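Subject: Structure handover

Hello,

Here is the structure for you to look over. My notes on what turned up in it follow below.

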Amino acid sequence: MMAFRSVHQIRALHRTAQISESSHLLGSSRSYASGISTVPELYCRNKGHGALPWTLGSSITLRSAMAVELPIFLNDTRLLSTQVKAPAQARQMGALKVAMLSPGFIYEPYTTREKISFLKRWFTRSGWRRTKEDIVLELKSAYAITKLRKKGYSKNLFYKEAIQLYKEINTLMANGDKNSLRKAVTEKMFSELKNEIKQRDSIWNKVYWEMVEPVVKIRTLRARLIGVDRNDLEKVFIQLTLEFLTKQKFEAYDSNGSIVSGDKSKEVLVRDIWVFEKSLFHDKAFWRLCGRISL
């Protein structure tokens with residue numbers, strides 16, 4: 001009897017995995033507004049793979065925010081509910097229009113999932129729960145990518161742009177070019193990187209960094225949507241988590257020009273997980289780095 005129920009649960013999960021653009025999946029605006037929850041405050045410290053080679057580790061705070069849960073996708077689109085009080089002068093002149101450039105946090109940061117055996121996955125209750133969780137996570141990413149494709153998204157073109165951004169941001173960090181760096185990252189991320197540059201400059205006078213092309217591997221690990229207006233479901237940000245596996249060269253120098261760390265004659269295999277963010281409701285929006293994840 002248990003095996004018979006498991007077969008029906010498996011079939012139900014597979015039916016759920018078929019994403020369509022019907023009104024049943026999207027739901028009404030009322031259904032979006034009915035599932036508000038709070039994101040807990042989390043802390044993620046970058047060390048090793050998560051931090052740039054010339055930094056000594058940094059911390060990224062994932063701030064709390066109010067969220068709207070999509071009933072089927074379980075928090076697929078997250079809504080930031082923020083009340084902004086206008087200054088007295090602005091209230092006298094009329095309504096103040098506030099433009100959000102970035103949510104300022106990583107929604108559902110990627111983590112590795114523990115592998116389980118085939119028998120445990122399909123013939124135990126804990127395995128069924130785990131299978132359901134895995135499918136839901138994949139559904140969230142699939143739904144976000146579907147929304148992104150409507151805006152002209154191409155995976156190959158995006159990967160080229162992401163690799164270029166990865167190379168550009170690392171080069172700007174190595175050169176300490178904070179003015180140019182500000183344009184390639186979100187406000188929260190810029191504050192983190194600016195502090196890293198300041199900390200690095202107190203130890204090393206100059207650094208050399210080079211990425212050996214082509215990249216060894218690049219792949220998408222997760223995609224998430226973040227809504228900002230409960231009355232307009234098209235006002236969303238998207239975050240794509242990418243894994244980069246690249247060969248790099250690094251060398252650091254003191255004030256006398258002597259090598260104090262690294263060796264640019266040697267190639268080092270580096271794995272980075274970066275989160276890129278883009279607004280889907282601004283006409284001239286572009287991809288920016290909004291966070292890094294260390295596993």
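**Salt bridges**

Asp 229 and Lys 235 form a salt bridge, with their closest N and O atoms 3.9 Å apart. Bear in mind that this is a predicted model. Both partners sit between the two extremes of exposure. Asp 229 counts as partly exposed because its relative accessibility is 24%. Lys 235, at 31% relative accessibility, also counts as partly exposed.

The whole structure holds 16 salt bridges. Two others deserve a look.

One joins the side chains of Glu 196 and Arg 292, at 2.5 Å from N to O. Glu 196 belongs to helix α9 and Arg 292 to strand β10, so this pair ties together parts that are 96 residues apart in sequence. Both Glu 196 and Arg 292 are buried.

The other joins Glu 133 and Arg 113, at 3.2 Å from N to O. Here, too, distant parts of the chain are linked: Glu 133 is in helix α6, Arg 113 is in the loop between α4 and α5, and they are 20 residues apart. Glu 133 has a relative accessible area of 44%, so it is partly exposed. Arg 113 is partly exposed as well, at 37% relative accessibility. This pair does not stand alone. Arg 113, Arg 121, Arg 130, Glu 133 and Asp 134 are linked in a network of salt bridges.

**Overall layout**

The protein chain has nine helices and ten strands. It runs to 295 residues, and 44% of them count as buried. Take the contacts with a separation of 6 or more: residues 24 or more positions apart account for 70% of them. The exposed area is about 17,000 Å², of which carbon and sulfur atoms supply 52%.

**The core**

Nonpolar side chains in soluble globular proteins tend to be buried together. What does the largest nonpolar core look like here? It has 42 residues, and those with the most contacts inside it are Ile 169, Val 185, Leu 240, Phe 244 and Phe 276. At least two residues of this core come from each of α6 (125–149), α7 (155–175), α8 (178–184), α9, β6 (206–227), β7 (236–253) and β9 (268–279). The largest share is from α7, with ten residues.

Phe 276 is a good place to start. Leaving aside neighbours within four places in sequence, its contacts include Ala 162, Leu 165, Leu 240, Phe 244 and Trp 287. Another core lies apart from the largest one. This other core has seven residues, among them Leu 221, Val 275, Cys 290 and Ile 293.

**Two helices to check**

Start with α7. It has 21 residues and reaches 30 Å from its first C-alpha to its last, close to the 30 Å expected at 1.5 Å a residue. Its buried residues include Phe 158, Tyr 159, Ile 163, Tyr 166, Ile 169 and Met 173. Asn 170 is also one of the buried residues of α7. Which elements do the buried residues of α7 pack against? They pack against α8, α9, β6, β7, β9 and β10 (288–293). Just after α7, Gly 176 takes a positive phi of about 70°.

Next is α9, residues 187–201. At 1.5 Å a residue, its 15 residues should span 21 Å, and the end C-alpha atoms are indeed 21 Å apart. The buried residues of α9 include Met 189, Phe 190, Leu 193 and Ile 197. Charged residues are on that list too: Lys 188, Glu 192, Glu 196 and Arg 200 are buried.

**Backbone and surface**

Most residues other than glycine have a negative phi, and most peptide bonds are trans. Two places depart from that pattern. Glu 108 is not a glycine, yet its phi is positive, at about 50°. Glu 108 sits in the loop between α4 (88–93) and α5. It counts as partly exposed because its relative accessibility is 22%. The peptide bond from Glu 213 to Pro 214 is cis, with omega near 0°. Pro 214 is in strand β6.

On the surface, Phe 118, Leu 119 and Phe 123 make a nonpolar patch of about 370 Å². Phe 118 is in helix α5, residues 118–123. Why does Phe 118 count as exposed? Its relative accessibility is 56%, and the cut-off for exposed is over 50%.

Best wishes

Notes. Residues numbered from 1 in each chain as written. Predicted model: local features only at pLDDT ≥ 70, side-chain atom pairs only at ≥ 80, totals over all residues. Heavy atoms only, no water. Helix = DSSP H or I, 4+ residues; strand = E, 2+ residues; numbered from the N terminus. Buried < 20%, exposed > 50% of the residue type's maximum accessible area, 1.4 Å probe, protein only. Contact = heavy atoms within 4.5 Å. Areas by Shrake-Rupley, 256 points an atom, 1.4 Å probe, with all protein chains shown as cover. Expected span 1.5 Å × (residues − 1). Core = buried A, V, L, I, M, F, W, Y, C linked by side-chain atoms within 4.5 Å. Patch = residues over 30% accessible without salt bridge, like charges linked within 9 Å, V, L, I, M, F, W, Y side chains within 5 Å. Salt bridge = Lys/Arg side-chain N within 4 Å of Asp/Glu carboxyl O.
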